[in-house]
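Subject: Handing over a structure, with notes on what was found

Hello,

I am passing on the structure below so that you can look through it at your own pace. Please keep it open while you read the notes that follow it.

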Amino acid sequence: MKKNLTRTVSLFLSAAVLAGCSNFPKAFDHSGNPITQPFNYEEAQALQTDTTTFKGALVKEYQALATKEGVEWADWFDSDFFARKAIKVAASENGLPPEDPALWRFSKEEQTQFADGYNALNTALQTSRSSLPVLSAKAQASFDCWVEEQEEGWQNDEIAKCKDQFAEALNRLTGAQKKLAQKPAPKMELDLAKLYTVFFDFDSAVITPVGRQVLQALVQDWGAQTVNYALIGHTDRAGSQAYNKSLSERRAQSVKTFISERGLPGDKMSTTAMGESAPAVATQDGVREAKNRRVVIEIQQ
């Protein structure tokens, strides 16, 4: 098959040379001439890429254009041009930019037809290569197809087809970008503490200066949130169980009053008196332990 393909290419290229109808852009090292340089179609078609990325999708688009030009139209000059582009993209880090019409054989007047689309495409590609890779590749390849067909200048149906495909892809691309921009930002989860502890002096329900700082931080953290607050009072094991039950309730109520006065809704708070029944540090009965004299505030979402 390769020999037949090479023979077909040689015959066609010979005729093309005699007719003087080569059309290569003047500034790209991937715009080769298959008469004077190795023929690249088969190498390009053998490329395997991740077509979910911009680079991989662009390789696939150029492979398809190389097939259309060569296999469908027997235009192996331009087939080789797109084959070289596919190879060049595959070897690059992030792909190639779209063709610049100014580097092709167009007059300044002819270049104006591409200006708006070229500028819009380059603007879109700055962000869409990563967010919309497949659609971005389609838009770029369609633009390059339009440039190539327009310079060739004799297949009006193909010129119109590539131009229309580019316009459709660009419209879809810019429309998709607008939708992405209009999506509300994801709600950020608050990285806040959900457990606050206030310690008390022996046999006291008065909030200490350190305790006030803890509760002020609680108010600042959660004051704007719709949550419930569970206030759980504790004591150490000095004193009777009945007395400690009452003391732990007074401590919880003291905390409730303090944070209510600073704006937190009282109807969102519950108080529980644990007395000496759930110590943070296990001790013998009658032992004073500072870590057990506390109110724990649990945030319940």
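Of the 301 residues of the protein, 43% count as buried. The accessible surface comes to about 16500 Å², and carbon and sulfur atoms account for 52% of that area. Please bear in mind that this is a predicted model, and that confidence is not the same along the chain, with a lowest mean of 38 in helix α1 (residues 2-19) and a highest of 96 in α9. Over residues 1-36 the pLDDT is below 50, although this stretch has 62 contacts in the model beyond near neighbours in sequence. For the protein as a whole the average pLDDT is 85, and 84% of the residues score at least 70.

As for the fold, the protein has nine helices and four strands, which, read from the N terminus, follow the order α-α-α-α-α-α-α-β-α-β-α-β-β. If you take the contacts between residues at least 6 apart in sequence, 74% of them join residues that are at least 24 apart.

Two of the helices are worth a look. Helix α4 (residues 76-91) has 16 residues and spans 22 Å from its first C-alpha to its last, close to the 22 Å expected at 1.5 Å a residue, and 13 of its 16 residues are buried, leaving α4 mostly covered. Helix α6 (residues 133-152) has 20 residues and reaches 29 Å between its first and last C-alpha, where 28 Å would be expected; α6 is also mostly covered, with 17 of its 20 residues buried. After α6 comes G153, whose phi is positive, near 75°.

The other topic is charged side chains. How many salt bridges does a search of the whole structure find? The search finds eleven, and I will describe a few of them here.

One salt bridge is formed by D236 and R293, whose closest N and O atoms are 2.9 Å apart. D236 lies in the loop between β2 (228-233) and α9 (241-260), while R293 lies in the loop between β3 (269-273) and β4 (294-300), so the pair ties together parts that are 57 residues apart in sequence. Are these two residues buried or exposed? D236 counts as buried because its relative accessibility is 2%, and R293 counts as buried because its relative accessibility is 11%, each value being under the 20% cut-off.

Salt bridges that share partners also join K68, E69, E149 and E158 into one network. Within this network, K68 forms a salt bridge with E158, the closest N and O atoms being 3.2 Å apart. This pair links distant parts of the chain, with E158 in helix α7 (residues 156-182) and K68 in helix α3 (residues 54-72), 90 residues apart. E158 counts as buried because its relative accessibility is 9%, and K68 is buried as well, with a relative accessible area of 11%. The side chain of K68 also meets that of E69 in a salt bridge, at 3.9 Å from N to O, and E69, like K68, is buried.

When you go through the model yourself, you could begin with D236 and R293, which form a salt bridge, and then turn to the network that includes K68 and E158.

Best wishes

Definitions and conventions: Residues are numbered from 1 along each chain as its sequence is written. This is a predicted model: local features need pLDDT of at least 70, side-chain atom pairs count only at pLDDT 80 or more; totals for chains, interfaces and linings use all residues. Side-chain values use heavy atoms; hydrogens and water are left out. A salt bridge is a side-chain nitrogen of Lys or Arg within 4 Å of a carboxyl oxygen of Asp or Glu. Buried means under 20% relative accessible area, exposed over 50%, partly exposed in between (1.4 Å probe, protein chains only). Helices (H or I, at least four residues) and strands (E, at least two) are DSSP runs, numbered from the N terminus. The expected span of a helix is 1.5 Å times one less than its number of residues. pLDDT is the predictor's confidence in each residue, from 0 to 100. Contact means heavy atoms within 4.5 Å. Accessible areas come from the Shrake-Rupley method with a 1.4 Å probe; for residues, only the protein chains shown count as cover.
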